[in-house]
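Got a minute to go through this one with me? I'd like to talk it over by way of a few quick questions.

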Amino acid sequence: METVITLLAGALLVAFGTLLIHRLNAQHDARIAAHRFGDPYPSLSRPPGHGNPRPPGRIADRRPTGTWP
């Protein structure tokens, strides 16, 4: 009898966990659908005429440092 109760409790826990994961995934999908991905972040927008900063110089153009031969 105890084995049957243990199996039923385990099955209920698995079903509850499955339901919880399903609801969390649905909530996450709703958040993704509501978000507008085309909008830039305000902190990353630059005024007109200011492009991206120059990338650093190539590594081969830099002087070696240290004493390694």
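What follows is a short chat about this predicted model.

Me: What does the secondary structure of the protein chain come to?
Reply: Strands first: the count there is zero. That leaves the helices, and the tally for the chain is one helix.

Me: How far apart are the end C-alpha atoms of α1, and does that fit what its 33 residues should span?
Reply: At 1.5 Å a residue, α1 should span 48 Å. The model agrees with that, because the end C-alpha atoms are apart by 48 Å.

Me: How many buried residues does α1 have?
Reply: The helix is hardly covered. For the whole chain of 69 residues, 0% count as buried. Among the 33 residues of α1, the count is likewise zero.

Me: Is F16 buried or exposed?
Reply: F16 sits in helix α1, residues 2-34. Exposed takes over 50% relative accessible area. F16 has 53%, so the word is exposed.

Me: Which residues make the nonpolar surface patch of about 310 Å²?
Reply: An α-helix has 3.6 residues a turn, so residues three or four places apart point the same way. The patch is made by F16, L20 and L24.

Notes:
Residues are numbered from 1 along each chain as its sequence is written. This is a predicted model: local features need pLDDT of at least 70, side-chain atom pairs count only at pLDDT 80 or more; totals for chains, interfaces and linings use all residues. Side-chain values use heavy atoms; hydrogens and water are left out. Patches are made of residues with over 30% relative accessible area and no salt bridge: like charges are joined within 9 Å, nonpolar side chains (Val, Leu, Ile, Met, Phe, Trp, Tyr) within 5 Å. Accessible areas come from the Shrake-Rupley method with a 1.4 Å probe; for residues, only the protein chains shown count as cover. A salt bridge is a side-chain nitrogen of Lys or Arg within 4 Å of a carboxyl oxygen of Asp or Glu. Helices (H or I, at least four residues) and strands (E, at least two) are DSSP runs, numbered from the N terminus. Buried means under 20% relative accessible area, exposed over 50%, partly exposed in between (1.4 Å probe, protein chains only). The expected span of a helix is 1.5 Å times one less than its number of residues.
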